[in-house]
Structure formats: structure tokens, C-alpha cells
Amino acid sequence: MYQVRILLGVCFLLSLLWDVSAQPSIEIAYLKSSDVKSPSQAEIDFLREAIIKVQSFFASEMDKHGFGKKTFGFNPEIEIIQGKLKVEDWTWESIRDGAYEFDKNHIQNKINIVFVGRRDIFPNRVLGYALPICWRWPGANQLRDDCNWLLIISENRNRLVPALAHEIGHAFGLSHAQQHLPGGGQNIMAAGNDGAELEEYGLRYTDAAFLADWGRLSIQEKVSVAIDADVNNDGYVDLSDVLIVRSAIENNVTYNTDVNNDGITDEVDVLLVKQKAMEAIVAAAPSILRKRKKFVMWSVIKGDSTFGK
Ligand SMILES: [Zn+2]
């Protein structure tokens, strides 16, 4: 009897440890439809910056409620997925089935995000979906913890940031709640939000306490910083941007050449823009790209895995 009790105690301890160490990791993809151009570096940077904004939103809201600057981490490299359909032809089912394929490749993650490039809105005026996916395989445990979350977000430039924050909230276990916060502002977890700026929103105390208690967020050691290397704002990061930054070290130029925002334009800025320009060249050359990045082809196949809404 005594031995049994010890065993149970040990199991309990192990499950606690597992919970604490299970920090969610987020993988991101950009779904390119067959009739749209490959995303420019600026477009990819825009999406990355949107996630960084949401990341700091959670950090400041958690901090405001007294839990420290807790937030989530993510892989800043955005995978491009070639979709076989035209941008306006994606139905709810085809998006879901295609996004499945991406999720399957990152099944170890608790959260994966797919942005549907150049798509403004989904059927029924929906901006994003949060799907709990419980993959079935022989011997799989059908508990809730075996599920991960797949977020599908439209690339609606005006509403993308709050929509993303809302869906990420669902992925961390938050449900819909009242629209107005006691201290003023809108609740990010209210259904049918309409504000475009993240500053109009907040997290209610109950939700922040839930996130802190369940270890769903943690203090990130380093928040990655997005670099806007398209200095002349022509939509491309290329040699002309490098030349502008180089010339700005000694001359006055009309562009913002301090790309790392450290107060001066120097060789570091030149190197950053050079690196971004190289990435853009690689992104434009499919044969080189395939060697360093995994490409996933989407086919419209009906999946038979279970998932809720
Ligand atoms: Zn919702």
C-alpha cells in the first residue's frame, strides 16, 4: 500500500514537470496561391512584424496584470507553401485540408500558423480560424493534450494584427468573453471585435492569471527585431538599398538608413541590408531555395482527422 502511494506521488511529480517544460513553439507558413506573385521580402517582413507586435502585446498585458513580461516564442523563418488554387477560390474546406499538410509536418508543435497570402477575408466575413487538431495514430492518447492548434489567418492588412492576437489567445486556451474591459478598452478575446489597432485592446485579468498559472507563456530572453531593409521603399531589398545605406554613412540622404535603430547609420546597417538583399535573391531563385528550405505542395484532399471549431 505504501509503495503504491509512492509510485502515484512520483507520477504526479513527473506530470507537473512535463507541464511546466512544455513551452509552445510556433511555426509559420505563408500560403501562396497559384495566381499571386511570390511574396516580396517586405510582405514577409510585414507578417513577421505582426507576430512581433502580438508577442509584445502579450508581454505588456501580462506585465500590466502583475505577472511579468511573459509571452510566446516563434520561429522567425516563414515557410512558403505553394497552393494549387487561386486566391479567391480557397473555400473553408480547401484551406483547412491544405493547412493540415503543413500542420502534419510540424506535429511536434503546439501551435502552427498559416497566413493565406493576399486573401482579404474568408467566407462569412471571418478573418481567421483557430482549429484544435487531434491527430489520430495507432496508440495515440485521445486526451486534449495530444491536440495542437492550427491558426489560419487572412492577410487583411488593416485587421491582421488584432485578429492574430485573438486567434493566438484561443490557441493558449482562452475562450470568448465580454467585449469591454473594466479599465476601459476592448477585450481581445471578445467575439466580433472591430478595432484595427492592437492599442485599443487588452487582456482581462482572469485570462492573464490563467495564462500565468498554467505556464502557457514564459518570459522570452530575446524578442527578435524585424529589420526593414527596403530603405528606398520600392518593395524590394536589393543593391540600390545597400548603396543608399553605404552612402548615408558619409552623406546626408533622405531615407531612413538606420535600419537597426541604434541611432547611427554605420557598417552594421550596410551588412544588415546586404544580408536581406541576399535573402531576397535566394528567395527569387527556386533552385537554390529548394536546397535550404522545405517546399510543401498543397493538394486538395479531404482529410479524415478529427477537429473541432
Ligand atoms: Zn474567437
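At 4% relative accessibility, E43 counts as buried, and this residue makes a good way into the model, which is a predicted one. E43 pairs up with R118 in a salt bridge, with 2.5 Å between the closest N and O atoms. The two partners come from distant parts of the chain: E43 belongs to helix α2, R118 to the loop between β4 and β5, and 75 residues separate them. Unlike its buried partner, R118 is partly exposed, with a relative accessible area of 40%.

R118 has something else going on in its backbone. Its phi is positive, about 65°, although R118 is not a glycine. Most residues other than glycine have a negative phi. N124 sits in the loop between β4 and β5 and also shows a positive phi, near 65°, without being a glycine. With a relative accessible area of 74%, N124 is exposed.

Back to the salt bridges, of which the count comes to six. K276 and D45 form one of them, their closest N and O atoms being 3.7 Å apart. This pair also links distant parts of the chain, since K276 lies in helix α7 (residues 267–284) and D45 in helix α2, 231 residues apart. Both K276 and D45 are buried. R48 joins in too: D45, R48 and K276 are linked in a network of salt bridges. A more local case is K64 with E61, where the closest N and O atoms are 3.0 Å apart. Here both residues lie in helix α2, three residues apart, or about one turn of the helix. K64 is exposed, with a relative accessible area of 56%, whereas E61 counts as buried at 7% relative accessibility.

Next comes the metal site. Three histidines, H166, H170 and H176, coordinate the zinc ion through their NE2 atoms, at 2.0 to 2.1 Å. Along the chain, these donors follow the spacing H-x3-H-x5-H. H166 lies in helix α4 (residues 160–171) and H176 in the loop between α4 and β7 (186–187), so this pair ties together parts that are 10 residues apart in sequence. Their surroundings vary: H166 is buried, at 11% relative accessibility, while H176 is partly exposed, at 46%.

Then there is the nonpolar interior. In soluble globular proteins, nonpolar side chains tend to be buried together. The largest nonpolar core here has 40 residues, and the members that touch the most others are V54, F58, F72, I113, F115, L164 and I168. Several helices and strands each supply at least two residues of this core, including β1 (25–32), β3 (73–82), β6 (147–154) and α5 (205–213). Helix α2 gives the most, with nine residues. I168 shows how these pieces meet: leaving aside residues up to four places away in sequence, I168 touches V54, F58, F72, I113 and L151. Another core, of 17 residues, lies apart from the largest one, and I81, W92, Y100 and F122 are among its members.

As for the overall picture, the protein chain has eight helices and 11 strands. Of its 309 residues, 46% are buried. Among contacts with a separation of 6 or more, 68% are between residues 24 or more positions apart. The accessible surface of the chain comes to about 16,700 Å², with 56% of that belonging to carbon and sulfur atoms.

Terms used
Residues numbered from 1 in each chain as written. Predicted model: local features only at pLDDT ≥ 70, side-chain atom pairs only at ≥ 80, totals over all residues. Heavy atoms only, no water. Donors = N, O, S within 2.8 Å, 3.2 Å for Na, K, Ca; no water. Helix = DSSP H or I, 4+ residues; strand = E, 2+ residues; numbered from the N terminus. Buried < 20%, exposed > 50% of the residue type's maximum accessible area, 1.4 Å probe, protein only. Core = buried A, V, L, I, M, F, W, Y, C linked by side-chain atoms within 4.5 Å. Contact = heavy atoms within 4.5 Å. Areas by Shrake-Rupley, 256 points an atom, 1.4 Å probe, with all protein chains shown as cover. Salt bridge = Lys/Arg side-chain N within 4 Å of Asp/Glu carboxyl O.
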